[in-house]
Amino acid sequence: MEQMIKEYAKRLKLSWIPANCHTIHAETNEEFLLKLFEREVQHRDERRINLLLKQATLPKIPNKPYDWREIQLAPGITKDYILEGEFTKNQENLIFYGGVGTGKTFLSTLIALNLMKKQGKRVKFYTAASIVNALLEANEKGDLGKFLNQIEKLDLLILDELGYIPLHKQGAELLFQVISMCYETKSIIVTTNLPFSQWNNVFGDPILTEAVIDRLIHHSHLIIFNGESHRYKDSISQR
């Protein structure tokens, strides 16, 4: 009988039940089936979340509550609207602007975790430099279409540290292609230390820069991160 259970479970793609069904205790057949299916569903949800987390390639973040005291929210939105990823339902973008170490990457990562764990959404985290390098490599290998298809399946794309280094001309053009593809179809979070007036220093072409900004700021919310670097303040406090 055990072998038959394994065979049927395999055909039905039930991975938790065959090895664990003997651990279920219930007073009725109905209760037994209910508990069995609950555990199988829970197992599937956990596997899916773990896969989403692995694919997202999120950075490590501090294990502490987020400090909102020096965050200036755009009019009409709330902390929950941002943190719970409600903006993704309308394919809206978030632009996080502020100095180094002010919590932009931390908040974008918290949003990503909530979207994956609570809603099962697909998220991918890149620094601006890493996505440009990936785009250039994919283009060189003839895999650009495959790479763009992976981006197209996302619910949220995070572009971190835009503005820290100038982009390669071809890389900037490929990044614009990604942003254009995401326009009004999925959400993007951009973290940057530069005001829009200085983005030409990153993209290197005024027309391209204007086109990038035009697509990003339409249906977007600007969040301003004031204050000093948290990492700097932490290092001072530990001396």
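This tour moves through a predicted model, beginning at one strand and continuing to its aromatic contacts.

**Strand β3.** Select residues 123–127, which make up strand β3. Four of these five residues are buried, and the strand is mostly covered. Next, add residues 156–162, strand β4, to the selection. The two strands pair in the parallel sense, over five bridges. Within this pairing, display Lys124 and, opposite this residue, Leu157 of β4.

**Lys124 and Tyr126.** Keep Lys124 displayed and show the side chain of Tyr126 as well. The charged end of Lys124 sits over the Tyr126 ring, at 5.4 Å from the ring centre. Is Tyr126 itself buried or exposed? With a relative accessibility of 11%, Tyr126 counts as buried.

**Aromatic pairs.** The model contains six aromatic pairs. One of them joins Tyr126 to Phe147; the pair is tilted, with 6.1 Å from centre to centre and 45 degrees between the planes. Select helix α7, residues 144–152, to place Phe147; because Tyr126 belongs to strand β3, the pair ties together parts that lie 21 residues apart in sequence. Phe147 has a relative accessibility of 10% and therefore counts as buried, given the limit of under 20%.

Now move to Trp199 and Phe203. The ring centres of Trp199 and Phe203 are 6.4 Å apart and their planes stand at 35 degrees, so this pair is tilted. Trp199 counts as buried at 1% relative accessibility, and Phe203 is buried with a relative accessible area of 4%.

**Aromatic cluster.** As the last stop, select Tyr66, Trp68 and Phe106, which form one aromatic cluster.

Technical notes. Residues are numbered from 1 along each chain as its sequence is written. This is a predicted model: local features need pLDDT of at least 70, side-chain atom pairs count only at pLDDT 80 or more; totals for chains, interfaces and linings use all residues. Side-chain values use heavy atoms; hydrogens and water are left out. Buried means under 20% relative accessible area, exposed over 50%, partly exposed in between (1.4 Å probe, protein chains only). Helices (H or I, at least four residues) and strands (E, at least two) are DSSP runs, numbered from the N terminus. Two strands pair if DSSP finds at least two bridges between them. Rings of Phe, Tyr and Trp (its six-membered ring) pair if their centres lie within 6.5 Å; planes under 30 degrees apart count as stacked, over 60 as edge-to-face and the rest as tilted. A charge sits over a ring if NZ of Lys or CZ of Arg is within 6 Å of the ring centre and within 35 degrees of the ring normal.
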